[in-house]
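Please walk through this protein chain with me, from its overall build down to single strand pairs. What should a reader look at, and in which order?

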Amino acid sequence: MSKSILVVDDEQIIRESISYVLKKENYNVGEAENGKEAYEKLLETNYDLVLTDLEMPEMKGTELLEKIREFSPRTTTIVVTAYGSLETAISALRNGASDYILKPIEFDDLLIKVKRLFEMKDLLIENQILRSELQRSTEDRIIIGKSFAIRKVFDLIDSVADTDSTVLITGKSGTGKELVAKALHYTSKRKSKPFVVVNCGAISDTLIESELFGHKKGAFTGAVSDKEGFIKAADEGTLFLDEIGEMPLDLQVKLLRTIQEKEYTPVGTTKSIPLNIRFVASTNKNLSDEIKAGKFREDLFYRLNVVEIILPSLKDRKEDIPLLANHFVNKYRKEMNKGIKGISEEAMRVLINHDWKGEVRELENVIERSVIFCNDEFIGIDNLPSSFIEDKNEFNIAPSNSLEDSVKKYERNIIMNALHINDFNKEKTAEYLNVGLSTLYRRFKELNIKI
């Protein structure tokens, strides 16, 4: 996105000459003939840099610098001064100005200083982003699994990560849609830029437009100052629109235009601002049904759904449950400083066969709770929530409705346990059970064991 500069000088020829030179370098340039006019412009528009003279009528440059420091500390400033006013320029530097230029102005020197300041500013912002990301646990970005279902997801991420195409991530709540969005971002060329998450269902309909697009002072009651929205915050990075199906219909129109035209308009202004971000969206709803019900725009759906990544349910990737469970044990035993070594075989069997309605999020919550209450080396069945006792009873040998059903249930239990012990390697499992591989495959089919 092109940088914006406000040139402030009461001498028209100097002001217009500076503006002309800067515009030739593709900067967006505004002009003001004194500090008061500049201040009014700054209240209406955000500028990346203010280049100001010091001696001006109505409001001096020093007073303007003080106001900028108060209400727009992220704006960089350069002061322009005559040689005889060098002491004033030095004083301005002490009060927050980033650099100074002496009159008569050497335009090559000016352009070098402007370019260097922007490079330093971008580097500082990038370092802040990287520092904040490093402070986050890298575990929060890891997608755990080796099942066929999750490997298909990995392949899709690898294929589209380094493109700018919009991606729609679908799946049940708790399957890890935000993790996939992070994986897309952190394996892309935008990885050093911001990753911004907007939960469309967590912001009220009256506020979401302002939160997303930003607003100008006075745009509505309570808008006492300019505010940059999530789109501006995601500049050059990735904007993740979580639960996009919850977005109000009227706002969907504005979002569609933003994605198509690659520009956005803050609330309270008619000026469009160019943008350079990658859009990724997610939903746990069937958007085709939402379109039929008139709750989601079909044109926005097609714009978002350039690439769809469908996240599998845990019931379709049961072999990943031991990997996920052990990952969460490692995570929470470190956080709680506990000496837990793992999960008992009995508890793991129950976890593998549990109906995870809350998907991976529920599994993580159960493991966190189990680590809290476990005082042994291994998490046992007694450390799991009481509802899991019912799952445990499924593995009892005692006959249920018929002897045949009980035998099948017991045989399934033995095979699932052997699979877990052998890390779901079928050849090793067959050898462990002392049966042929073809026999094992046949038992998989008869007992409805999906691997």
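Of the 451 residues in the chain, 46% are buried. The model shown here is predicted, and every value below is computed from it.

Start with the chain as a whole. It contains 19 helices and 14 strands. Its radius of gyration is 30 Å, whereas the globule rule gives 22 Å for 451 residues; the value for the chain is well over that, so the chain is more spread out than a compact globule. The extents of the C-alpha trace along the principal axes are about 100 × 50 × 40 Å. Contacts can also be sorted by distance along the sequence: among those with a separation of 6 or more, 68% are between residues 24 or more positions apart. The accessible surface amounts to about 23600 Å², and carbon and sulfur atoms contribute 48% of it.

Next come the sheets. One open sheet is made of five strands in the order β2-β1-β3-β4-β5, with parallel pairing. Its edges are β2, residues 28-32, and β5, residues 99-103; each has a single partner strand, so one side of each is left without a neighbour in the sheet. On average, neighbouring strands in this sheet are turned by 20 degrees against each other, direction ignored.

Within this sheet, β1 covers residues 4-8 and runs parallel to β2, to which five bridges join it. Valine 7 is placed opposite glutamate 31 of β2. A helix covers part of the sheet: α3, residues 61-71, packs on it and touches β1, β3 (49-53) and β4 (76-82). The direction of α3 makes about 160 degrees with that of β3.

A second set of five strands also forms an open sheet with parallel pairing, here in the order β7-β8-β11-β6-β12. Which strands stand at its edges? They are β7 (195-199) and β12, and because each has a single partner strand, one side of each is left without a neighbour in the sheet. Neighbouring strands in this sheet are turned by 20 degrees against each other on average, direction ignored.

Two pairings can be followed in this sheet. Strand β8, residues 238-242, pairs with β11, residues 278-283, in the parallel sense over four bridges. In this pair, threonine 238 stands opposite arginine 278 in β11. Helix α7, residues 177-186, packs on the sheet, with contacts to β6, β7, β8, β11 and β12. Its direction makes about 150 degrees with that of β6.

The other pairing involves the edge strand β12. Four bridges join β6, residues 167-170, to β12, and the two run parallel. Threonine 170 of β6 faces isoleucine 310 in β12. Strand β12 spans residues 307-310, and its side chains alternate. Val307 and Ile309 point to one face and are buried. Glu308 and Ile310 point to the other face and are not buried.

Last, consider the cysteines. How many disulfides does a search of the whole structure find? The search finds zero. Two cysteines can be described by their surroundings. Cysteine 200 has a relative accessible area of 2%, which is under the 20% limit, so it counts as buried. Cysteine 374 is buried too, with a relative accessible area of 2%.

Conventions: Residues numbered from 1 in each chain as written. Predicted model: local features only at pLDDT ≥ 70, side-chain atom pairs only at ≥ 80, totals over all residues. Heavy atoms only, no water. Pairing = 2+ DSSP bridges. Axes fitted to C-alpha atoms, helices over the stretch in contact; angles between N-to-C directions. Contact = heavy atoms within 4.5 Å. Rg over C-alpha atoms; globule rule 2.2 N^0.38 Å. Buried < 20%, exposed > 50% of the residue type's maximum accessible area, 1.4 Å probe, protein only. Areas by Shrake-Rupley, 256 points an atom, 1.4 Å probe, with all protein chains shown as cover. Disulfide = S-S within 2.5 Å.
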